[in-house]
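Visitor: Before we begin, could you take me through the reasoning behind the labels used for a structure of this kind?

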Amino acid sequence: MGEDDAMYTVLLPTYNERENLPIIVWLLVKYFTDAKVEFEIIVIDDGSPDGTLEAAEQLQRIYGEERIVLRPRAKKLGLGTAYIHGLKHARGQFIIIMDADLSHHPKFIPRMIALQQRDNLDIVTGTRYSGDGGVSGWDLRRKLISRGANYLTQVLLQPGASDVTGSFRLYRRDVLRRLVDSCVSKGYVFQMEMIVRATRLGYRIGEVPISFVDRVYGESKLGGSEIVNFTKGLLYLFATT
Amino acid sequence: MIHKNLFVYICSLTDATMTMLMRWLFLAAVILGPWMAVLTNRYQSPWVDQNRHTLLLYPFALIAAFGVYSVCVIAWRVYSFNDCQEAADELQKQIKEAKEDLAKKGFKFVKS
């Protein structure tokens, strides 16, 4: 089977995304279909109380069980285990991970696929920090914290990617498997750990600039505890990778 | 990018599984070793005695230079951070389009 027949699995962990899930699925179907690429979308819902799973079931009826696969879990169990859970039945040779809250736009997926094929990469990561990547909806304070934290990460960890906390990535399936098994952190530090370990293991990593549309910034997102957790995670990775 | 290649070279001399912490300690030892020798008068030479003041200051100068460099880099990156307004607008349009198309296909949106 040549690269042209490659299939792409999108892992979509969800929690309370009843409103966004139909949109993200619609967009994924649109861009994958336009790119004439085989795909499936695995929705991993962690027992959302708002009816996300019911929305997913409706989408399954519309688009078919081959395209929309449901792998729900009883409660919120974390990202790493969500990926492992989703990977178990994934049929794609390449796995795309992304957020389901519409901050990541599926239009960048064909570009990731093209870059991966062109350079025979193991990982393609979206970046908000280089090229024409960027963010919509951030004020000065948020930008400063983001750039400052990223700079510190670059200096201390030499991670091999400009955007280490980003979670919009394409992985070769066995690469994702190996990395998820060796990473222990939680949340966005988990994403940092994934890319740092990938660099240490010598995997080939490429980047595609993406636009990140932050619509939830108004509510919480970057308080003191987040900064503390980030620092702890950074120091942990500094000492262990 | 001499400093980057030098760093990579130093790293390649060491064990592949060495952590960043260990590499930084190694680098610190390389930089501070001679400095400590000057500080504790272990190394005697006319040149060292003449320039002692300057030599003792050089790690601090390095740190200060790095600090200034970092502030400049971060300031520039914050200033040039792309604001993707068009992306936000496009998303709004596509959300409408998606809702209409899905409703046609039989999706029942819950009014909230």
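Guide: What follows sets several labels beside the values they rest on, for a model that is predicted.

Visitor: Why is Met36(B) called partly exposed?

Guide: Met36(B), which is found in helix 2 (residues 20-39) of chain B, has a relative accessible area of 40%; because buried requires under 20% and exposed over 50%, Met36(B) is partly exposed.

Visitor: What makes the nonpolar surface patch that includes Met36(B)?

Guide: The patch is made by Leu32(B), Met36(B) and Leu39(B), and covers about 230 Å². Membership needs over 30% relative accessible area, so the 40% of Met36(B) satisfies that condition.

Visitor: How do you know that helix 1 of chain A is mostly covered?

Guide: Of the 15 residues in helix 1 of chain A, twelve are buried, among them Trp26(A), Tyr31(A) and Phe32(A); since buried means under 20% relative accessible area, the description "mostly covered" rests on those twelve. As for its length, helix 1 (residues 20-34) of chain A reaches 21 Å from its first C-alpha to its last, close to the 21 Å expected at 1.5 Å a residue, and this helix is followed by Lys36(A), whose phi is positive, near 55 degrees.

Visitor: Why are strand 6 and strand 9 of chain A said to pair?

Guide: Three bridges join strand 6 (residues 134-136) of chain A to strand 9 of chain A, and because pairing requires at least two, these strands, which run parallel, count as paired. Within them, Val135(A) stands opposite Phe212(A).

Visitor: What makes strand 9 of chain A and strand 1 of chain B edge strands?

Guide: The open sheet has the order 9(A)-6(A)-1(B), with parallel pairing, and strand 9 (211-213) of chain A and strand 1 (82-83) of chain B each pair on one side only.

Terms used: Residues are numbered from 1 along each chain as its sequence is written. Chains are lettered from A and ligands numbered from 1 in the order in which they are written. This is a predicted model: local features need pLDDT of at least 70, side-chain atom pairs count only at pLDDT 80 or more; totals for chains, interfaces and linings use all residues. Side-chain values use heavy atoms; hydrogens and water are left out. Helices (H or I, at least four residues) and strands (E, at least two) are DSSP runs, numbered from the N terminus. The expected span of a helix is 1.5 Å times one less than its number of residues. Buried means under 20% relative accessible area, exposed over 50%, partly exposed in between (1.4 Å probe, protein chains only). Patches are made of residues with over 30% relative accessible area and no salt bridge: like charges are joined within 9 Å, nonpolar side chains (Val, Leu, Ile, Met, Phe, Trp, Tyr) within 5 Å. Accessible areas come from the Shrake-Rupley method with a 1.4 Å probe; for residues, only the protein chains shown count as cover. A salt bridge is a side-chain nitrogen of Lys or Arg within 4 Å of a carboxyl oxygen of Asp or Glu.
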